[in-house]
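Here's a quick briefing on the model below. Have the sequence and the coordinates open while you read.

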Amino acid sequence: MGFKECCPVLISILSDESEDVLVRHESAEALGNLGSAEVLEVLEKYQDHKAPEIAETCQIAVELIHYKLSEEGKNDKVNKAIYQSVDPAPAFGNNEETRSITELERDMSNKELSLFKRYRAMFSLRNMDSDESALALCKGLRDDSALFRHEVAYVLGQMMREVTVPSLITCLDTMTEHRMVRHEAAEA
């Protein structure tokens, strides 16, 4: 919705150690999506939090804000609306070289890249909107990061591709899977 007036409440939730980590994750993601330089300090404070859901979300949110403040981010017309969602990282734009599904899958799986860049590859695969790109995304459901796996399940739900159903069912049926991942798999 873009209401920057919500930032103080979101910061309060993110800072509350007694609050559930998933609620704190959503608050950090919202702060990143609002894109205000004023919240960078608080997000940076939690980039190394003991809960990976919080730490990783804050890392992505910090990079997203830097992206939005950059010339590239200010001129980004590609990421305005394909799925009518506000994504935690933009897909790669038209001004960058066209990447194949294989290249994007490689980048999405590359642990040497920041989560933000891996998310960009993920959203680029989603925007290709094909069975092949959806199947490449399904491989992300085996990533080490629960945060990453939950976002993959989310974008698979957006794509509504029937070829992803077996992977989503496997994810949902795995009782040891993180609850936020199983939640997104069920929604998808």
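Contact, in what follows, means heavy atoms within 4.5 Å. This is a predicted model, so local features need pLDDT of at least 70 and side-chain atom pairs count only at pLDDT 80 or more, while totals for chains, interfaces and linings use all residues. Residues are numbered from 1 along each chain as its sequence is written, and side-chain values use heavy atoms, with hydrogens and water left out.

**Confidence**

- The protein chain has a mean pLDDT of 92 (pLDDT is the predictor's confidence in each residue, from 0 to 100), and 95% of its residues reach 70 or more.
- Among the elements, helix α5 (residues 71-74) has the lowest mean pLDDT, 82, and helix α8 (residues 131-138) has the highest, 98.
- Those element names come from DSSP runs numbered from the N terminus: helices are H or I with at least four residues, strands are E with at least two.

**Helix α1 and its two faces**

- Which residues of α1 (residues 7-15) are buried? They are Cys7, Leu10 and Leu14, where buried means under 20% relative accessible area, exposed means over 50% and partly exposed is in between (1.4 Å probe, protein chains only).
- These buried residues sit on the same side of α1 because they cover an arc of only 65° around the axis, the arc being that of the directions from the helix axis to the C-beta atoms.
- Turned away from that buried side is the face that carries the exposed residues Pro8 and Val9.
- As for partners, the buried residues of α1 pack against α2 (21-34), α3 (40-45) and α4 (52-69).

**Helix α2: His25 and Gly32**

- His25 lies in helix α2 and is buried, with a relative accessible area of 1%.
- Leaving aside neighbours within four places in sequence, His25 is in contact with Glu53, Thr57, Leu147 and His150.
- Gly32 also has its place in helix α2, and its relative accessible area is 0%, so Gly32 counts as buried.
- With neighbours within four places in sequence again set aside, Gly32 touches Leu43, Ala61, Leu64, Ile65 and Lys68.
- Gly32 and Pro88 are 56 residues apart along the chain, yet their C-alpha atoms are separated by 7.1 Å.

**Cavities**

- Rolling a probe the size of a water molecule over the atoms shows where empty space is left.
- Here a cavity is a set of points, on a 1 Å grid over the protein atoms alone, where a 1.4 Å probe fits but cannot get out; lining residues have an atom within 4 Å of a point.
- Grid points are joined across faces, edges and corners, and a volume is the space filled by probe spheres set on the points.
- How many cavities of 30 Å³ or more does the structure hold? There are 2, and the second largest has a volume of about 50 Å³.
- Lining that second largest cavity are Glu29, Gly32, Asn33, Thr57, Ile60, Ala61, Leu64, Pro88, Tyr119 and Leu147.
- Both α2 and α4 supply at least two residues of this lining, and the largest share, 4 residues, comes from α4.
- By type, the lining of the second largest cavity divides into 6 nonpolar, 3 polar and 1 charged. Ala, Val, Leu, Ile, Met, Phe, Trp, Tyr, Cys and Pro count as nonpolar, Asp, Glu, Lys and Arg as charged, and the others, Gly among them, as polar.

**Helices α6, α7 and α8**

- Asp107 is placed in helix α6 (residues 101-109) and counts as buried, at 14% relative accessibility.
- Beyond neighbours within four places in sequence, Asp107 is in contact with Arg99, Leu113, Arg118 and Ala121.
- Asn127 belongs to helix α7 (residues 115-128) and is buried, with a relative accessible area of 19%.
- Asn127 and Ala37 are 90 residues apart along the chain, with 28 Å between their C-alpha atoms.
- The buried residues of α8 are Ser133, Ala134, Ala136, Leu137 and Cys138, and what covers them includes α6, α7, α9 (146-159) and α10 (165-173).

**Positive phi in the loops**

- Asp129, in the loop between α7 and α8, has a positive phi of about 50° although it is not a glycine.
- At 35% relative accessibility, Asp129 counts as partly exposed.
- Met160, in the loop between α9 and α10, is not a glycine either but has a positive phi of about 55°.
- Met160 is exposed, with a relative accessible area of 72%.

Definitions and conventions. On a 1 Å grid over the protein atoms alone, a cavity is a set of points where a 1.4 Å probe fits but cannot get out, and a pocket is an open set with protein on both sides within 12 Å along at least five of seven lines; lining residues have an atom within 4 Å of a point.
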